[in-house]
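Trainee: Can you walk me through this one before I go back to the bench? I'd like to start with a single residue and work outwards.

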Amino acid sequence: MRIKHIKRWVGLFAIIAFMTTLAFSAEDQVRNTTDTVSAGSDLEPPSYGLLSAVGFKQLAQGHLGSIALSKAGDVWVWGFNNNGFLGIGGSKTYAGGMVRIPSESFGNKEIVKVGAGMYNASALDSDGHVWVWGRNLSNIANIGGPTNTSGNLQSPAKVGGLLDSVNIVDMVMSFGDESTTFMAALSDEGKVYTWGQNAYGQLGNGSMSTTNTVVKADIPDDVVITQITVGGSHTAALDSDGNVWTWGRREHGEIGAGTTGGYQTTPAKVPTLSNVKQISSTFFRSTVLKEDGTVWQWGAVANSAAGVRYVSTPEKVNIKDSEITRVGYTPIVQSVTTTERVAYFIDQHGRVWAWGGNNYYGLGIVKSPMKGDTTGVPPISGAEAYSAEAIQSLNTIGDGDTGRTIDLNQPNVGLNNVYGQQKKWGLVDGLHPTVYDEKYKDEHWAKLGLKEFPKVAVISGARSGATAIDVDGNIWKWAVDGSGTIAWGWDYLNPSSDATASGNVAGGLYNMYSYEPQFLRGSPNIDAVQMSLKDPENKMYHSSGSKDDVSLDVTIPKTVENSNMNFTLKAYLKDLRYVVMPYDPSDANFSIDLPTEEQFEAAYLNSLYDKGDLLNGVELSSIDVDKIYNYTIEIADNSVVWVYSKDQAGDRIETSVIAKKYTNFYTDITIQHKGEKFGTPTEEIYEKTTDNVNKNSNLIANENPDIYGLPLDKNKNVIVAPIFGYDKVKVSWYDPNNPQPSDAATKEKIADIYKYWQWHEPQDKEIQLILDTDTYLEEAKKIYTFYYDINPSGWVTVDYEGIEKSTGASIPGFSMASETVKIDKPLTKVPPEIASYTVVGYQVDGSPLSNLVNGQATFTPVGPTKVIFVYQLPVVHVRQVILNPNSSVVLPTNGYLRLLNVKQSDWTTIDSENNVITNSGLDTNTVDFMKYEVTVKADATGYFVKWVTPQYYEYAGHIVSKIDGNHDATKRSTTGEIRLDFDTGSEYWVTLYLHPSKDNTASHGWGDRINNFGNIKMN
């Protein structure tokens, strides 16, 4: 039962002991390349996403190097290696970038924690085994493992002995005096095991004998330890009741028991402490966090930038009131970390607070404006800085120590003057890299200089440097040491880019310094998948009905196989989709130049947009070279294209959205010109035409020179600044000396124009049009007018006269104005109507009488011309013919007719009536027509012909014609109605046919007197 009780506490300890390690989400972090920053509130620091391909969850800092544990369980190291600190053998003196210790070095066991001493390092695997390497003055590995002549372990070795029989859940390494190397480990039963240097009783076994055999610290059996920590030559432990136990050196007050000097070889409670939840020790000092949120410290505590004072009894650490005012909230401490000169705590928002001496720049203060500060000057800065009270640090990401020596408020700050060396290193010694170096212009981290520091999950420090992990798993570093401590990278390119003294090919950029917190650039990384939407190559005109293919290049970076890092890294393209939107400035998405992932997903779900998946479920990955994949996206009009990608490399999942506007579609229009007489009245000289209308733009490849148009958006507005510009059109006159087009028909047309017209001056003979406004969609805007004046040599005068046919006298009321007309051009004229007259023809310059055709006279003037229209009154020629005469019936010598003038609208309304006498004779004889002139009115131009039928005769038919001629009785009409239409004719010949009645054969005789007709009939 006792063991179960202990393991229950150990389970709690596992949470507490690693709370700073696991304080951030273990989920894969996603960074959007549009630099999206996420923050929980105004008090929450931002998140910049995972900046490298490996995310880290825990670390420990050595003196001139560090060790970190990735989320995947890989152990990474960097820095100085002359004691075997890197654990990769002795081939490298420096690691200017990170190096992965192969998992085989740990027996392929899962590593759950790493630790570091001054010049050595350690790891704890999931089976509870401790691995150590590095400086080994007392063979602290407790094995006869591989060592060099200096007694250093060049690669990890498992600690055996007593540890083989227990399950270790935590271990720590001493940090301080180089001659006091020792270690402590905590079992799952809450017991402490130690080994190594013991000159001050720091092993806690009641002796002062150094041993390479693991011993058990003399802590009472009923005490369950939940945390352990060590300094340079003292040890501290926290039990399950919140009590702190200490032992070892007392010279600097390390034990916290109120005394200095001497040593303590067995563990004892710190009498003035209780309710403690976390402890941290290093060198000659310790710091604890109590359950009430207060922080206490003792030992060698800084009292100036470089000095110390000895505190033998724990004292409370105060938070500076002015800092609380400045930041706007009271911090609640979550965890504490101790270094030689500076101590830290992380508050409820993931912000770091610090106190102590800044001679090693451990406060992490960047000389740039801070939150809540109106002066632009941090509360303290520089190596001379010191604060006895906690102030908020790590407010700002460093830009490369420029603030240490340069006043950023000076107007001469810039890329080309202050930072020197042609935009290379920032400071004159060439060893302090800045974010302004052109070498880093495309690196994402470099864009974060002087931005707000991200939310911190873990912080660790030593003598002259500190390291932090943010919640995304990025490592941030600052140190006054070189030797690879800031892990700037393996890409030493001397002398083309890097300072000569900055490193070498073997060690990378190891001789680099950063006194301000900057991203650990030497973290394992691989380029993100890159996307590029190409510009269109063709102008597209809607009349062709063609669609265009948008070209998308996707570059998957080659596999990274870095022998310096002992690491191979591949990139995987997981998702590649697109959205095509109409080019519509009224659409809210139109103005988004850098869409976020969320905005893309919302657009992808919009049913109004075209969309597609370019991978179709097939994942792509890196190969041994950069591989470019080309995809095409079809568009049918001016559009906005968004493309989304998601790639994964190691722990990094990166999304990117790119956007591009396509403005290469043109709506065809037709530009025309026409010719018009200048002045009033206007006269069209030639109708609208596209002759001499030519595109005047610089043509791109495959562009049709005969088509032009407007780049329009969805709302039929002209697009501003289309990629191929606006079409330009030249409208040219008809040049009489150089007719264009040169075909025969056009030449004839142009010659004809200039025969009668001459160019009006002044006016431009060429018009340059830029099709940049939607007014060109209006019909009138698309027709340009050229103006002409009359060419006098091409025109003649035509005079008109009207005469009476029979007399040649002028017709009263005739009026037809003279006019100037084109020579050699046929004219058609309609003579004016004269009451009671009809036109019987016309004469041109004395020519014979010509008939009107369709009521019109047609003639072609070749000089001054006179046209005479010949009129006459309507004429009716009448006669009467007797068919089949009977000798028994008197033959009439005259006929009697009535001419009724009627309205043609109904042929019933009689306007006037005339009685006429006509000749009458036998069909076998020639009977002359008698001529009568009649009058017609404008509204009564029809005549009925009626007749008188003598007794013993009857109607036998009639013939009507418009010309004189022999009427053939056999072709007569027998209808009883005779109509004469003077709208269609001016002269008629009418023959009336009678014959004796068949039923009257008696002999009769008439008198020849008028009206002595016997019994007559009126038809």
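Trainee: Where is D752 found?

Mentor: D752 is found in helix α5, which spans residues 744-756, and please keep in mind throughout that this is a predicted model.

Trainee: Is D752 buried, exposed or partly exposed?

Mentor: D752 is partly exposed, with a relative accessible area of 29%. Its C-alpha atom is separated by 9.9 Å from that of P736, and the two residues are 16 residues apart along the chain.

Trainee: Let me step back for a moment, then. How many helices and strands are there in the protein?

Mentor: The protein has five helices and 64 strands. Of its 1019 residues, 55% are buried, and among contacts with a separation of 6 or more, 65% are between residues 24 or more positions apart. The accessible surface comes to about 42700 Å², and carbon and sulfur atoms account for 47% of that area.

Trainee: Back to helices. Which residues are buried in α4?

Mentor: In α4, which covers residues 597-604, the buried residues are F600, A603 and Y604. They lie on the same side of α4, because the arc they cover around the axis is only 100°.

Trainee: Why would residues three or four places apart point the same way?

Mentor: That follows from the geometry of an α-helix, which has 3.6 residues a turn, so residues three or four places apart point the same way.

Trainee: And what covers the buried residues of α4?

Mentor: The cover includes the strands β35 (572-582), β36 (610-613), β39 (639-649) and β40 (652-662). Y604 has a further partner, since the charged end of R577 sits over the ring of Y604, 4.7 Å from its centre. A comparable arrangement involves K539, whose charged end sits over the ring of Y666 at 5.0 Å from the ring centre.

Trainee: Since we're on rings, how many aromatic pairs does the structure hold?

Mentor: It holds 38 aromatic pairs. In one of them, Y440 and W445 have ring centres 5.3 Å apart and planes at 50°, so that pair is tilted. Y440 is buried at a relative accessible area of 0%, and W445 is buried as well, at 7%.

Trainee: What about F814 and Y871?

Mentor: Their ring centres are 5.9 Å apart with the planes at 70°, so this pair is edge-to-face. The pair links distant parts of the chain, 57 residues apart, with F814 in the loop between β50 (795-804) and β51 (819-822) and Y871 in strand β55 (residues 865-872). F814 is buried with a relative accessible area of 17%, and Y871 is buried at 1%.

Trainee: Which residues form one aromatic cluster?

Mentor: The cluster is formed by Y686, W733, Y734, Y754, W759, Y784, F786 and Y788.

Trainee: Changing topic to polar side chains: where is Q202, and is it buried or exposed?

Mentor: Q202 is in the loop between β12 (192-196) and β13 (211-216), and it counts as buried, at 0% relative accessibility. The side chain of Q202 reaches the backbone nitrogen of Y200 at 2.8 Å. Not counting residues up to four places away in sequence, Q202 touches several others, among them T180, F182, H234 and W247.

Trainee: And N696, which side chain does it join in a polar contact?

Mentor: The side chain of N696 is joined to that of Q768 by a polar contact of 2.6 Å. N696 lies in the loop between β44 (693-695) and β45 (709-710) and is partly exposed, with a relative accessible area of 35%. Leaving aside neighbours within four places in sequence, N696 is also in contact with K728, V729 and K730.

Trainee: Anything odd in the backbone that I should look at?

Mentor: A cis peptide bond joins T680 and P681, with omega about -5°, and P681 lies in the loop between β42 (672-677) and β43 (684-689). The peptide bond from E761 to P762 is cis too, with omega near 0°.

Trainee: Which residue has a positive phi although it is not a glycine?

Mentor: Y361 is one of them, with a phi of about 60°, and it is buried at 13% relative accessibility. N702 has a positive phi of about 65°, and this residue is exposed, with a relative accessible area of 76%.

Definitions and conventions: Residues are numbered from 1 along each chain as its sequence is written. This is a predicted model: local features need pLDDT of at least 70, side-chain atom pairs count only at pLDDT 80 or more; totals for chains, interfaces and linings use all residues. Side-chain values use heavy atoms; hydrogens and water are left out. Helices (H or I, at least four residues) and strands (E, at least two) are DSSP runs, numbered from the N terminus. Buried means under 20% relative accessible area, exposed over 50%, partly exposed in between (1.4 Å probe, protein chains only). Contact means heavy atoms within 4.5 Å. Accessible areas come from the Shrake-Rupley method with a 1.4 Å probe; for residues, only the protein chains shown count as cover. Rings of Phe, Tyr and Trp (its six-membered ring) pair if their centres lie within 6.5 Å; planes under 30 degrees apart count as stacked, over 60 as edge-to-face and the rest as tilted. A charge sits over a ring if NZ of Lys or CZ of Arg is within 6 Å of the ring centre and within 35 degrees of the ring normal. The arc is that of the directions from the helix axis to the C-beta atoms. A polar contact is a pair of N or O atoms within 3.5 Å; within protein, one must be able to donate a hydrogen and the other to accept it, and residues adjacent in sequence count only if both atoms are side-chain atoms.
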